[in-house]
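Visitor: I should like a close look at a single part of this model, namely the contact between two of its chains. Please describe it in one connected account.

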Amino acid sequence: MPQTGVRTGVRSELNILVDDRPVRVAAGISVASALFNLGVTSYAQSVTGEPRAPLCGMGVCFECRVTIDSRPHQRACLIPVVEGMHVITASNPG
Amino acid sequence: MTPHAYADDEIVAADVAVIGAGPGGIASAACAAERGQRVVVIDRGSLPGGQIWRHLRDGAIPRVAAQWISRFERSGARFIGTASVVDAHGETRGFDLLVDASGHAVSVRARDIILATGARELFIPFEGWTLPGVMGIGGAQALLKSGASFTGKRVVIAGSGPLMLPVAASLARSGARVVLVAEQASRVAVARFAAALWRSPSMLAQAAKYRARFLSSPYSTGTWVTAAHGFGRLESVTVTDGKRTWREVVDVLCTGYGLIPNVELAQLLGCETRDGAVIVDERQRTSIASVLAVGEATGIGGAPLALVEGEIAGSTVGVQTSPSSSLTRRRSVLKSAARSMLDTFTPRAELRALPTIDTIVCRCEDVKYGAVQHAICARQAKLYARAGMGSCQGRTCMPGLDFLFAWQADSVRPPIEPTPVSVLASDIANSASSAYSINSSVGEAYQ
Amino acid sequence: MTDNPDAVVVGAGIVGAACAAALARDGMRVMILDESFAGSGTTAAGMGHLVVMDDSPAQLALTAYSTRLWAMLTPDLPRNVEHEACGTLWVAEDESQLDAVREKQRVYSQHGVDAEVLSPAQLSEAEPHLRAGLAGALYVPGDGVIYPPNGARALLKIAAEHGASLREGVRVNAIAAREVVAGSERISCDIVVNAAGAQAARLTPGIPIVPRKGHLVITDRYPGFCRHQLVELGYLASAHTMSTESVAFNVQPRATGQLLIGSSRELVGWDASINRSIVRKMLDRALDFMPTLALTSAIRTWTGFRPATPDKLPLIGAWEETPGLWIASGHEGLGITTCLGTGQLLADMIAGRNTAIDVVPFAPSRVLSSAVAH
């Protein structure tokens, strides 16, 4: 359950892959936040190839789209990180 | 992730379906379930809380939010997270909601619906606003509360509305360098709003707390950002106060010009709206029988008002009784404070001059201002230039285009959110499987 | 246009636009009237296919003629018309359908339309997302797709280059002999063209055109998922019957990489609301042929009204009951394809020239002479 007041203690971590790079991220955070903390600037590419990153943060704008475990068009801001998940961003041209 | 993995074509039967698990939805659900109603709550997030009470699984949260979520859990209401209603229609026996739960089709059948669909930010396009690093004010708050670190980042918050202050405080508290908070409303207008806060003690206390937080950050009224600059990502912004213009080097720009009620589901059900908000009576009933609405969807008013409206809806849904007079009194005080706020922060006319011919106004389709400026209505801009034809279904661009050109958005059709073809094709309503309740308690969402 | 126009075209959909362009190229002073804005009616709702179809010899002749005209025009079209020369694959589910495919190939070839029969292996290579176990397909490389509203605008631009004028937001109330009434305005002219599509019967009572509703679903972008327009052979049967409702598999890749999924047909008057049961049936049919569509994200649905006639052929020609009145309506699901042929045939008839194909099957008088019932 959520705790009132100040955050207690250090979060546990887990391993995910971001553009084939293994990284350790705090458990329970959103994929969008994990990518933000990693310094990713291009989550998705616009239809004319511009880099895009989260705008609304709440699943409305679709600018934070990434491919997760081979499924495209996933809204990173709505999805918590899960051990072993493979995230592909538009930073990876492949 | 959602602890209960929905198989395809599950049916959930309920007395009351609550759409949205922010303060309004949580209060509605708890109060209805406490009266013995079978309640199911559907929310896009993996945990309850909506936007303002967003939190991590074992993370910090304000006391009032923790208390209400705890009450929500004890009430027996069921929570379906990472889920969206993509279609809904009324039958004689109630409503059929087609829900996309992590890509699986779930049919929720309910006698009554309480809409607590909240609000989203109004974005007004300007040069460079599509650069990574430009995000909403609520967007920054959402990222921060979902685990993003803004420590050491240079931030400008520029836009309008009371959301800016709490977000500035949160970012500053988390270690960001908030170099400027720029409110486009004039000093006179903001002062009038501050004076009106006397009528609402809780909001006054909040305002005082926020001011204390970032006394070190310049707070400018009558000031706005005219352009964002950078190569591949945000590097600086141009700011003006109407007389002076200057540059700020930044890592993050938080922009947003107030909140817009999310009324798509209400419109799909046929509810009447006025000025973009769902019309409700003193018992939170919409124009459609058995559909109630609470919170921001009925008009922007903040969390305390959403809670009261949720209590009113939850305590009276499905019966003819009237809400308690203490609830209606509290609602009335909070509603009048909300009204004065809305008047204060109207985006100024100068903001209409911000986009250039090449400024992208529809981000999903990269449609430029020049491609739509001569369109006679939203539908023409859509058909000729593709504005609003993307995944966000016009939610990001249309309010901004309405501000720029006074266009009304098109009518609403299912799916009201993108959903897999398999979900749209599912035929659970007519399937042979019998209805049964899903054991998805609020507590399970936290496991 | 200060003098009276020579011709008034009622309806700025793609058929009206093509008629206006053809008449204006012939030197006529043309005025086009539309109650809303150009290309916003049935034209905006359709799939935008340019397809040769052989439900009847006349249909084959008109669609083959029209696709040839499109082939000449498409190199000069602006990008926003989104022309894709993707071709069509008519998919055969079993051996008996494959026989029909071979026959179709023979008929198309006789008519000068390139068509090739594909084996299951070739079909699978051409479209990997089609399910296994299909019997083959007919590949028609000359077919394509466009984005219709901008196609109509491109044709209107051609008309404007030849002096035509477009007046939008003008609702025509009545067509009389050499005259059009719009509100309090009476416009005199020599020629009136009723290109009002599904609404044609409102202006010319006696025209047996009824609205035939269709649904479409469009997905998010999946570039490369589907490379050709895909149609099941049963599409012809669905289009042919005037039964209460039918669905048929028809998927189209757009230039954007989005997938347009159709098709459905119903006769329910002018009810434009989404019929969920029909959408489900239509999607189920599509999933039969392309199971992996299940995971693609559907972002929008809409409906439109095809102008349908009892014999599935449009009305192109003079309406003898009213001097000066010509009809160019009733194209059902082939308006985008056949608008160019329609415009040229109409212009040729009005000018007294020989037409490239036989126009007798399209004569409006055919509906006056026979008792029409459906």
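**The interface of chain C and chain B**

Guide: In this predicted model, about 2500 Å² is buried between chain C and chain B, with 53% of that area on carbon and sulfur atoms. On the chain C side, the residues that lose the most area to chain B are F37(C), R276(C) and R280(C), which together make up 26% of what that side buries. The contact draws 35 residues from chain C and 31 residues from chain B.

Turning to polar interactions, there are three salt bridges between chain C and chain B. R276(C), already named for the area it loses to chain B, forms a salt bridge with D87(B), in which the closest N and O atoms are 2.5 Å apart. Between the two chains, 18 residue pairs are in polar contact, both residues being at pLDDT 80 or more.

As for secondary structure, the elements of chain C that give two or more residues to the side touching chain B are α6 (148-161), β13 (210-221), β16 (258-266), α9 (276-289) and β17 (297-308). Sorted by class, that side of chain C has 17 nonpolar, nine polar and nine charged residues.

Of these elements, β17(C) also takes part in strand pairing across the interface: β17(C) and strand β23 of chain B (residues 419-420) pair in the antiparallel sense over two bridges. Within this pairing, S297(C) in β17(C) has P420(B) standing opposite.

Key
Residues numbered from 1 in each chain as written. Chains lettered and ligands numbered in written order. Predicted model: local features only at pLDDT ≥ 70, side-chain atom pairs only at ≥ 80, totals over all residues. Heavy atoms only, no water. Contact = heavy atoms within 4.5 Å. Buried area = accessible area lost by both parts, 1.4 Å probe. Salt bridge = Lys/Arg side-chain N within 4 Å of Asp/Glu carboxyl O. Polar contact = N/O pair within 3.5 Å; in protein donor to acceptor, adjacent residues only side chain to side chain. Helix = DSSP H or I, 4+ residues; strand = E, 2+ residues; numbered from the N terminus. Nonpolar A, V, L, I, M, F, W, Y, C, P; charged D, E, K, R; others polar. Pairing = 2+ DSSP bridges.
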